[in-house]
Amino acid sequence: MCGIFGYLGQKKNAATIVLEGLKRLEYRGYDSWGVAVMPGGTAKEQTITLKKRVGKIGDGTVADMPSSSFAVGHTRWATHGGVTQENAHPHLDCSKKVSVIHNGIIENYQDLQKKLTKKHTFLSETDTEVVAHMLEEALQKEEFSAALVRKVFSHLEGNNAIIVTHTSSRQIIAAKNGSPLIIGKSADGVLISSDPAAVLTHTKQVYCVEDDQLVILTDDQVQVSDVTTGKKIPFEFTTLEWDVEQTTKGEFKYFMEKEIREQPEIIERIALQGEQDLKKIVALLSEYEDVLFIGCGTASYAAWAATYLFAEVAGKKVSYAAASEFEHQLQFISKETLVIALSQSGETMDLINVMTTAKKQGAKVVAMVNVLGSTLYRMSDQQILIGAGPEKAVASTKAFIAKLSHLIRLVHAVAGEYKLGQSMLKASAGHVQALISDSSWKNLNAVAKKLHKQKHIFVMGRNSATVAAFEAALKIKEISYIHAEGIIGGELKHGPLALIEKGTACIVFVPPGKQATSTLTSAAEIKARGGYILGVATKPNPIFDDYIPVADDNQATLLSQVVVGQILAYQITLLKELDPDMPRNLAKSVTVG
Ligand code: BG6
């Protein structure tokens, strides 16, 4: 998963336009970046000017690059080849007339490269560079054209999006069969990007390129065709509902804090949504016995939460899975199965692969996603747009809370108790607002000060609070790099208790209701071995060394518990002087399998 951005138009500062676009895409990969500027005019001898750097863009500049109205760029998350300047994209051919940027994995690149190494000099270890030399090879027989790019693309195996330019013409040609790509049309030109939000400063008119399509961008038009047959495909630009402000940090130093503080309003907005837009999905949920909720990372925890919510509120058995570990279960998906995919980006490849197979095997597929027009949104039979607005911090916060809030309204709709679900969410919105108040923020900071030097932190919960515990552990891992381990309370004495010694840090999420006592018993077992207990609960308890109160909103208590975990992880990360928005080795959505 990388960030791709390109501009072709009237403005002469294309390199800067592209660099600014890459900055808005850095959450997709930030180990190195590069910009290629096409020469003015189409004179044969002219070559492409390239600038590539290792690391985040930060205050990187392209002021030293030639002024031009045509440039492309890329921000990388390494798959093939280390984090080096040579491996950064764009990649050129030997003549420096072809440029290629890429998102995905070319699974057969070594075989393709073998055929070219005699005549071509490869400068990088990437899978991508082979495309530049394949094009160069083909250009010896024919002019640069969509047909030529189509031919080369047909030899690539795997899910890929390639963006190609050549000095002989003012065209951006892109072909894809995986990885997101959108086209933007502005008053002064055309843009290509991995994410709709990144073109918002130029236009709201976008087209989401479908898999197996090839697009040609020129100064005066955009053409879409089938990547295999070349047959023209009519298309329309859609208008984005988001505003630029939503994609900027505003007064905050980090997106993560901004996104955490947006949650009360998001919960409130979801609580006010009427029941009608859920009618079709509620009907499906009552029709299907075999219902699977599935996702990756934080979204897989929302799927896990669904099993508690549907059991408790609707008395309905549903199952859940992490899509990256579902291969062995795929055989059981059939036309009797309703699969509900949960994803912020709608572009996570492991989930897309499961959904593709599920569809082939006749299952009904529903997508609960945050990005309109994303691959999961377009491939599903029904959709729930979670409406969290653009989420830029790599560690997901508001999109998770929005998913949980929609699950709470959905399960109450299934149970015929919609109003109860709405009032629960409204109450929770107020309580989450209190959690982000300055005094609460200070309290959590005081506790974070006790935790940020820990090497290991154990986070325990029972019932749906287990989900809050595992999500808190994931957040602490993702952004503070502290080894944090989620523990199912009841499993403590079956193993993890062996890890507890004097001073071992444990965060205990105590669920409201009947499971509270057994959770406190497990906490007492930790205390008895000298462990430090931070209790997150609706009532204080002498077992706790420190206590974070959360309101009892029944099933919606989970929202407050999750927000406590988010703020703690965020505070610990700031105390460690780390960047919570762009943690090492991670990226916002994993578009490679
Ligand atoms: C990871 C993100 O790459 O993908 C996580 O860093 C996220 O925050 C996970 O939970 C799944 O992404 P998505 O977009 O499918 O919810």
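This short report looks at the ligand and the cysteines of a predicted model.

## About the model

Residues are numbered from 1 along each chain as its sequence is written. In this predicted model, local features need pLDDT of at least 70 and side-chain atom pairs count only at pLDDT 80 or more, while totals for chains, interfaces and linings use all residues, and side-chain values use heavy atoms, leaving out hydrogens and water.

## Around the ligand

Let's start with the ligand's neighbours. There are 15 residues around the ligand, and S343, Q344, S345, T348 and A587 come nearest (a residue counts as near if one of its heavy atoms lies within 4 Å). By class, this shell holds five nonpolar, eight polar and two charged residues.

Oxygen atoms of the ligand pair with protein atoms in several places. A polar side-chain atom of S343 lies 2.6 Å from a ligand oxygen, and an N or O atom in the side chain of T348 is 2.5 Å from a ligand oxygen. T298 takes part through its backbone, where a polar atom is 3.0 Å from an oxygen of the ligand. Taken alone, the ligand exposes 390 Å², of which the protein buries 92% (areas by the Shrake-Rupley method with a 1.4 Å probe).

## The cysteines

The count of disulfides (pairs of cysteine sulfur atoms within 2.5 Å) is zero. Why does C2 have no such bond? The closest cysteine sulfur, in C296, is 18 Å from the sulfur of C2, which is too far.

C2 is also buried (under 20% relative accessible area, 1.4 Å probe, protein chains only), with a value of 6%. C506 is buried as well, at 1%.

Key:
Polar contact = N/O pair within 3.5 Å; in protein donor to acceptor, adjacent residues only side chain to side chain. Nonpolar A, V, L, I, M, F, W, Y, C, P; charged D, E, K, R; others polar. Buried < 20%, exposed > 50% of the residue type's maximum accessible area, 1.4 Å probe, protein only.
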